[in-house]
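Trainee: Could you take me slowly through one part of this model, the metal site, and then set that part against the spaces and loops found elsewhere in the chain?

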Amino acid sequence: MTMPDQRRYPPFADSRLPHVGTYRRVLAVSVDRLYENALDWAHLPFLHASSFARIDLHDAGPWGWRANVATVTGDQLVLELRLDRECRRWITRTLDGPNAGSEIWTHAFPIATRRTDIVVDFFVPGIAPEDRERVGQAFCDIYERLYDEDVAMMIERQRQMDRRIEADRGGESLRLGPEDSLALPLRVEFAGRDYIVARVDDGLLAHVARCPHQMGPLPAAVAGVVRCPWHGYRFDARTGKCLTGQVCQLPQAPTVRIREGEVWLDR
Ligand code: FES
Ligand SMILES: [Fe+2]
């Protein structure tokens, strides 16, 4: 697909585009988590792997992002999202591909610190009046699924941000039990943080259970590699090094030691 020529695209269309439907939902998250989620282009092919296959960024900033997006059904789109904090809304436009010219306007209405009402309006050009309801329903169904996935991520991220404030307490060592009785991989809380003890290279190793990028939930290392489900970053569990090139690494985890047949975590 060629890069979009911005001059071909008019500024945001207005109500002359046919309105085909509205999706509305109250989400148990703050409006800040929603802005963060809207700007987070990188999660599309990972968190929403059932909808998107790939994303190639053109440009991103506090204003939003523009990218080539491939769907799992083989469609190639150029999408642009523009965030307008002042009006508490973001507008996603399809610049190229199927439904080019369509716009999705999301307005966010905070109703409590961690409760936000969202209203999402779908505008699609070239849809005959008798087809609007059907097309609108199809958009609502997609948004229902995407928001189910997004809400789970936003709530979990908020929970981890709250928890981080309480971290860094606890002792110097934790006894996990006899080596032959451990059900691996094992999730443990130690000094206020979550770790996973897994078998790596015939030995036991602990690594953090939270991604250093945006605190996504990390699964146990497989063949020494930990892969985050939220944006697909991969890490070497032994060294903490990021294997996908991003500037972050796994923080140091406690050392696993075996003393008289018992497994211990030591700070
Ligand atoms: S939270 Fe983004 S890759 Fe883990
Ligand atoms: Fe999302």
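Mentor: What follows begins with the metal site and then moves outward to the rest of the fold.

The model is predicted, and its values are computed from the coordinates. As a frame for the site, the protein has three helices and 15 strands, and its C-alpha atoms fill a box of roughly 75 × 40 × 30 Å when this is taken along the principal axes. Of its 267 residues, 46% count as buried.

The part you ask about is the iron ion (ligand 2), whose protein donors are NE2 of His43, NE2 of His48 and two OD entries from Asp150, lying 2.1 to 2.4 Å from the ion. Read along the chain, these donors follow the spacing H-x4-H-x101-D, and the listed residues are His43, His48 and Asp150. The angles that the four donor atoms subtend around the iron ion (ligand 2) run from 57 to 145°, and the arrangement is therefore irregular. The reasoning rests on a cut-off, because four donors count as tetrahedral if all angles lie between 85 and 135 degrees, and the range of 57 to 145° makes this site irregular. One caution belongs here: water is not among the atoms, so sites may look incomplete.

The accessibility of the two histidines can be stated in the same careful way. His43 has a relative accessible area of 2%, which means that it is buried, and His48, also with a relative accessible area of 2%, is buried as well. Both assignments follow because buried means under 20% relative accessible area.

From the metal site we can turn to the open and enclosed spaces, beginning with the largest pocket. About 830 Å³ of space lies in this pocket, and 34 residues line it, with Phe52, Leu79, Ile142, Tyr143 and Leu146 lying nearest its centre. Its lining draws at least two residues from each of helix H1 (31-39), strand E3 (64-71), strand E4 (76-84), strand E5 (89-96), strand E6 (103-112) and helix H3 (132-164). Among these contributions, that of H3 is the most, with seven residues. Sorted by class, the pocket lining has 17 nonpolar, twelve polar and five charged residues.

Strand E4, one of the elements that supply the pocket lining, is also the place of Glu80. Glu80 is buried because its relative accessible area is 2%, and its side chain makes a polar contact with the side chain of Arg82 at 3.3 Å.

The enclosed space can be described more briefly. A search of the whole structure finds one cavity of 30 Å³ or more, and the largest cavity has a volume of about 40 Å³. Lining the largest cavity are Glu36, Asn37, Asp40, Met153, Met154, Arg157 and Gln214, and by class this lining has two nonpolar, two polar and three charged residues. H1 and H3 each supply at least two of the lining residues of the largest cavity, and H3 gives the most, with three. H3 thus appears in both descriptions, giving the most to the lining of the largest pocket and the most to that of the largest cavity.

Further along the chain, some backbone details deserve attention. The peptide bond from Leu184 to Pro185 is cis, with omega near -5°, and Pro185 has its place in the loop between strand E8 (173-178) and strand E9 (186-190). In the loop between strand E10 (193-200) and strand E11 (203-208) lies Asp201, whose phi is near 55°, a positive value in a residue other than glycine. Asp202 has its place in the loop between E10 and E11, and its phi, near 65°, is likewise a positive value in a residue other than glycine. Asp201 is exposed because its relative accessible area is 57%, and Asp202 counts as exposed because its relative accessibility is 76%; the cut-off behind both statements is that exposed means over 50%.

A final pair gives a sense of span. Phe122 has its place in strand E7 (residues 115-123) and is buried, with a relative accessible area of 0%, whereas Asp201 is exposed. The C-alpha atoms of Phe122 and Asp201 are separated by 52 Å, and the two residues are 79 residues apart along the chain.

Note on methods:
Residues are numbered from 1 along each chain as its sequence is written. Chains are lettered from A and ligands numbered from 1 in the order in which they are written. This is a predicted model: local features need pLDDT of at least 70, side-chain atom pairs count only at pLDDT 80 or more; totals for chains, interfaces and linings use all residues. Side-chain values use heavy atoms; hydrogens and water are left out. Donors are N, O and S atoms within 2.8 Å of the metal (3.2 Å for Na, K and Ca); water is not among the atoms, so sites may look incomplete. Four donors count as tetrahedral if all angles lie between 85 and 135 degrees; four count as square planar and six as octahedral if opposite donors are over 155 degrees apart and all others between 65 and 115; anything else is irregular. Buried means under 20% relative accessible area, exposed over 50%, partly exposed in between (1.4 Å probe, protein chains only). On a 1 Å grid over the protein atoms alone, a cavity is a set of points where a 1.4 Å probe fits but cannot get out, and a pocket is an open set with protein on both sides within 12 Å along at least five of seven lines; lining residues have an atom within 4 Å of a point. Grid points are joined across faces, edges and corners, and a volume is the space filled by probe spheres set on the points. Helices (H or I, at least four residues) and strands (E, at least two) are DSSP runs, numbered from the N terminus. Ala, Val, Leu, Ile, Met, Phe, Trp, Tyr, Cys and Pro count as nonpolar, Asp, Glu, Lys and Arg as charged, and the others, Gly among them, as polar. A polar contact is a pair of N or O atoms within 3.5 Å; within protein, one must be able to donate a hydrogen and the other to accept it, and residues adjacent in sequence count only if both atoms are side-chain atoms.
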